[in-house]
Amino acid sequence: MEGMKGEKRRGYYINYKLMKKKVRLYAQQIEVGTQDRRHVLKDFSRMLDNQIEKIVLFLLEQQGLLASRLAKLDEQHDAIQQQPDISQISELREAYRAVGQDLLKLLYFVEINAIGLRKILKKFDKRFGYRFTKYYIETRANHPYSQLQQVFKHVGIGAVVGAVSRNLHELQDRQGSYLSIYDQPALPLQDPVIDSIKAAVDRLTHSTNFLNFLAQHALIMEEELPAPFEEQVDDQTYHFMSLLLNLANTFLYMVNTYIVVPTADDYSLSLGAAATVCGIVIGAMAVAQVFSSVYFSAWSNKSYFKPLVFSSIVLFLGNIMYALAYDLNSLAVLLIGRLLCGFGSARAVNRRYISDCVPLKFRMQASAGFVSASALGMACGPALAGLLQTKFKIYKLTFNQETLPGWVMAVAWLMYLIWLLISFKEPSREIEENQIPQESNAAVVENDALEKGLKQPLLISLEDTQQDEDGEQECDESEEAPEESRRPATSIRSAYRLLTPSVKVQLLIYFMLKYVIEILLSESSVITTYYFQWSTSKVAIFLASLGLTVLPVNIVVGSYISNMFEDRQILMASEIMVLIGVVLSFNIIIPYSVPQYVCSGLILFVSAEVLEGVNLALLSRVMSSRLSRGTYNNGLLSTEAGTIARVIADATITLAGYLGESRLLNVTLLPSLFICISSILATCYTYNSLY
């Protein structure tokens, strides 16, 4: 692209270094009293307007150049249709691809400027405590002559994308009798350039649909500044059956986790322990998962197949021990069995496989499949327990509602292990490390030069590492050296140092929602038996019904609500609804009724599910891109936060049981109330940085 070559392009980027210095200067001037805040706001707004105008004018110029090239190619396309020639069609297709690649560079240009604009607004709000971002975005974006729309909504680029897509499609080998892509809009476009452009457009618009929203639950994070040509897994190396095996592992593990919930209290009683020991029985799996997540995450750096085999064997043995504990009359064997099941948690491997081994164009669907498998397993576990209401003996082995979950899961894991050994294909580590498609040397050099040139305006300020006036290190990703900004965290300590206040608050929220959900689910059997004399089948139906709400709720939120409100608004509203659910769950009005318990539980669970999706979406946005890969990645940190919350919740249930079942409900809800209020206050504190 003529306008995007050489030194000329540097002058069209947002001058992040200059604006950062201006923010520091404003702070010093306000501190000594040489400037008032009104003048600062006016001057900074004018500077932003000038920067955005510069970007937009260059963007319009480049769009015009692309449109001119497309017009000439359209004339050639019309001529070829009159006299088709295979060689000319091939050349024309390559010419359209070249336009698509230049369009991708232009989108990358817009994306970097949008990120720079977002970061400088965040820095301004943080330094002065204003809600300047909200004011600036609303006043500029809604104005009839808005130039900000060009940056965030890429007005006009859609027409170029459509022209490139349509013509590339028409030049491909056709199948069927349809006339164009408009007759079958769902028809997949095979050209990788179009896939890359679509991914870039989606990142720019933050477009939200059901798959996108659902995929956010998996927290499989893309890098904030992707290369102009995304590093993609080659379609030829992608193995669908291996992905399916990872999703099956996720499903079976969630079934294994929740299949014991309806009967854990009865199992504890049959072994001579208190019913509230069910908290330890259920939570033992989470305790082991705290440690297994780390070593599985590290193991996945070298292999995917071996961790999955190890996981299957350990889970098979753990379920056998869980089932045998009844005939051995040993609570210790029961707990060891559950611990072994936790040590077999390979969810870190499942996440990592999707992130590293699934092509970009399928990654969103795979991430959504990961969450759907988890939700389905969560619903099927209790439902399956409700069906296992029988009792018989084979030799000296007892099969009843307490032991059958263990036997059934042992058989399931054995069958899974056989399937794994037959069908799984270990990805090539060499291919995984070199995922960039092999192109000509000239193209690679050009792309590298382009990437360096594009990043330079945002990276140049790193030459002198300084600290903010408030003592915090300047650590924006865009300000780091290219090598440093891509280097993954190598330890828990280095990962923790990358956590900003906004990230810590989001992890606290994730901890809170996992805590309240675990309290609700784990003590449901004890509470409903004490207050309502529910049978195991009724408890199983209640828990399965809660699990089945996950996907419908995500459809509504992902398809509608997320397009109407900001993520941070949904976050705050969901936290308040979780608080309402917790308050309504307290046993204040005597007698405690079924409608009160069911309605409060439903409000709490559904609100927590909505909160989880928005929370993880914001977490992926505010978390350092250095945590998108390596052992100590974002998925591991969120998993650890959620797992520790579950461990503490289950321990709370067991400890509260010593005060008696009559006090169990209120005592376990008090910590939930405190953590929920704390998370709401923390959200208010960091609200302006959540965009």
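Here is a quick tour of a predicted model, from the whole chain down to a few helix pairs and a surface patch.

## The chain overall

This one is mostly a story about helices: the chain has 28 of them, alongside two strands. Of its 691 residues, 55% count as buried. The chain exposes about 30300 Å², and 61% of that comes from carbon and sulfur atoms.

Now for the contacts along the sequence. Take the contacts between residues at least 6 apart in sequence, and 83% of them turn out to join residues at least 24 apart.

## Ala 114 and a distant partner

Ala 114 sits in helix α3, which covers residues 86-128. With a relative accessible area of 9%, Ala 114 is buried, because anything under 20% counts as such.

Ala 114 also pairs up nicely with Ile 14 as an example of sequence distance versus space. The two are 100 residues apart along the chain, yet their C-alpha atoms are separated by 8.8 Å.

## Helices α1 and α2

Moving to the N-terminal end of the numbering, helix α1 spans residues 16-32 and helix α2 spans residues 37-82. They pack at an angle of about 170 degrees, and their axes are 11 Å apart. Angles over 145 degrees count as roughly antiparallel, so that is how α1 and α2 run relative to each other.

Who touches whom? On the α1 side, the residues are Met 19, Lys 22, Val 23, Tyr 26 and Ile 30. They meet Arg 37, Val 40, Asp 43, Phe 44, Met 47, Leu 48 and Gln 51 of α2.

## Helices α23 and α24

Further along, helix α23 (residues 536-548) packs against helix α24 (residues 550-564) with an angle of about 25 degrees and axes 4 Å apart. That angle makes α23 roughly parallel to α24, since the cut-off for this label is under 35 degrees. Leu 546, Gly 547 and Leu 548 make the contact from α23, while α24 contributes Val 550, Leu 551 and Pro 552.

## A nonpolar patch on the surface

Finally, the outside. Phe 240, Met 241, Leu 244 and Trp 419 form a nonpolar patch on the surface, and together they have about 340 Å² of accessible area. Helix α9, residues 240-258, supplies the largest share of the patch, with three residues.

Met 241 is a handy one to look at here, as a member of helix α9. Its relative accessible area is 31%, so Met 241 is partly exposed. That value also clears the patch criterion, because residues need over 30% to be included.

Methods: Residues are numbered from 1 along each chain as its sequence is written. This is a predicted model: local features need pLDDT of at least 70, side-chain atom pairs count only at pLDDT 80 or more; totals for chains, interfaces and linings use all residues. Side-chain values use heavy atoms; hydrogens and water are left out. Patches are made of residues with over 30% relative accessible area and no salt bridge: like charges are joined within 9 Å, nonpolar side chains (Val, Leu, Ile, Met, Phe, Trp, Tyr) within 5 Å. Accessible areas come from the Shrake-Rupley method with a 1.4 Å probe; for residues, only the protein chains shown count as cover. A salt bridge is a side-chain nitrogen of Lys or Arg within 4 Å of a carboxyl oxygen of Asp or Glu. Buried means under 20% relative accessible area, exposed over 50%, partly exposed in between (1.4 Å probe, protein chains only). Axes are lines fitted to C-alpha atoms, for helices over the stretch in contact, and angles run from 0 to 180 degrees between N-to-C directions. Angles under 35 degrees count as roughly parallel, over 145 as roughly antiparallel, 65 to 115 as roughly perpendicular and the rest as oblique. Contact means heavy atoms within 4.5 Å.
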